[in-house]
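This report describes the fold as a whole, then an internal cavity, and then a few single residues. Please keep the sequence and the coordinates at hand while reading.

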Amino acid sequence: MNKGIDVDKHVLVKYFDSKVFDILKDPEQRTLKNKYLSVVFWDISGFANLCNKLIDEPFAITELLKLYFQEANDIIHRYHGIIDKFIGDGVMAYFGYSSDEKQEIASHTINAALDLREKFEDIKLYWLTKFVDKSISLENVYLKCGIHVGYVLFGLLETKFRNQITLVGTNVNFASRLEGIAEKNQIIVSKEMIDLVKNSYYFDTITHDIHAYGKTEVFNIKGKRE
């Protein structure tokens, strides 16, 4: 008989998303299965150059990441998302685990991206005044985001030395590709996303040549419609 994994939530909750703990405890939830989710990748563009400028001030860099990751955590959870991982200066998250409403999943995801984009500008201003010399510029440091939605293989991926609740598949890869083509402050979403919420947001249509996918129509979210 399968039993839940015996772990202390209070110890582990700071090492991975708290919602993952509940999935781990339940053998049925953690079994690998196809699940309809939206997948999001965020990245700080210009971060490597900033690190080079502050090579002698590594703690200033970590303070920026702390502020950014904390806001990402709060905003993603506000919209019922789950953080998969922090990847250097990037964040991977997914939305819709507890919902079957496709439009709700899409709108929650885009709203989270809009909120984090706005908050990131506040983070930059606060960080500049508190942690670094005023000669440092963040003019070329900005947040970019890629979002796709579809079925992914979700659950506990087990290997000999490490296990992880995660999601894999071509739809995860495509979300990552969208983040890769995003430019300054852009939130790039797929046609599958925009088809669900096109009456709720202002957006531009862009054609991009995406590696392994060819010329593809994607959509840059500008903001919410009143």
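A residue is called buried when its relative accessible area is under 20%, exposed when that area is over 50%, and partly exposed in between. By this cut-off, buried residues make up 46% of the 226 residues in the protein. The model is a predicted one, and its local features are considered where pLDDT is at least 70.

**Overall form**

The protein contains eight helices and eight strands. For a chain of 226 residues, a compact globule would be expected to have a radius of gyration near 17 Å, and the 18 Å of this protein agrees with that expectation. Taken along its principal axes, the C-alpha trace extends over about 65 × 40 × 35 Å. Among the contacts with a separation of 6 or more, 68% are made between residues that lie 24 or more positions apart. The accessible surface amounts to about 12,600 Å², and carbon and sulfur atoms account for 49% of that surface.

**The internal cavity**

How many cavities of 30 Å³ or more does the structure hold? There is one cavity that reaches this volume, and the volume of the largest cavity is about 40 Å³. Its lining consists of W42, A113, R117, L143, K144, C145, Q186 and I187. Sorted by class, the lining of the largest cavity comprises five nonpolar residues, one polar residue and two charged residues. Helix α6, which covers residues 102-130, and strand β4, which covers residues 142-158, each contribute at least two residues to this lining. Of the elements involved, β4 gives the most to the lining, with three residues.

**Single residues**

The table below collects the accessibility of four residues.

| Residue | Relative accessible area | Class |
|---|---|---|
| N111 | 12% | buried |
| N185 | 21% | partly exposed |
| D195 | 40% | partly exposed |
| A212 | 66% | exposed |

N111 belongs to helix α6, the helix that also supplies at least two residues of the cavity lining. Because its relative accessible area is 12%, N111 counts as buried. When residues up to four places away in sequence are left out, N111 is in contact with Y79, Y201 and K224.

Where do N185 and A212 lie with respect to the helices and strands? N185 is located in the loop between helix α7 (170-181) and strand β6 (187-189), whereas A212 is located in the loop between β7 (201-210) and β8 (214-224). N185 has a phi near 60°, which is a positive value in a residue other than glycine, and the phi of A212, near 75°, is likewise positive in a residue other than glycine. With a relative accessible area of 21%, N185 is partly exposed, while A212, at 66%, is exposed.

D195 is part of helix α8, which runs over residues 191-197. Its relative accessibility of 40% places D195 in the partly exposed class, since that class covers the values between the buried limit of 20% and the exposed limit of 50%. Along the chain D195 and A106 are 89 residues apart, and yet a distance of 9.6 Å separates their C-alpha atoms.

Definitions and conventions
Residues numbered from 1 in each chain as written. Predicted model: local features only at pLDDT ≥ 70, side-chain atom pairs only at ≥ 80, totals over all residues. Heavy atoms only, no water. 1 Å grid on protein atoms, 1.4 Å probe; cavity = no way out; pocket = protein on both sides within 12 Å on 5 of 7 lines; lining within 4 Å. Points joined across faces, edges and corners; volume = space filled by probe spheres on them. Helix = DSSP H or I, 4+ residues; strand = E, 2+ residues; numbered from the N terminus. Nonpolar A, V, L, I, M, F, W, Y, C, P; charged D, E, K, R; others polar. Rg over C-alpha atoms; globule rule 2.2 N^0.38 Å. Buried < 20%, exposed > 50% of the residue type's maximum accessible area, 1.4 Å probe, protein only. Contact = heavy atoms within 4.5 Å. Areas by Shrake-Rupley, 256 points an atom, 1.4 Å probe, with all protein chains shown as cover.
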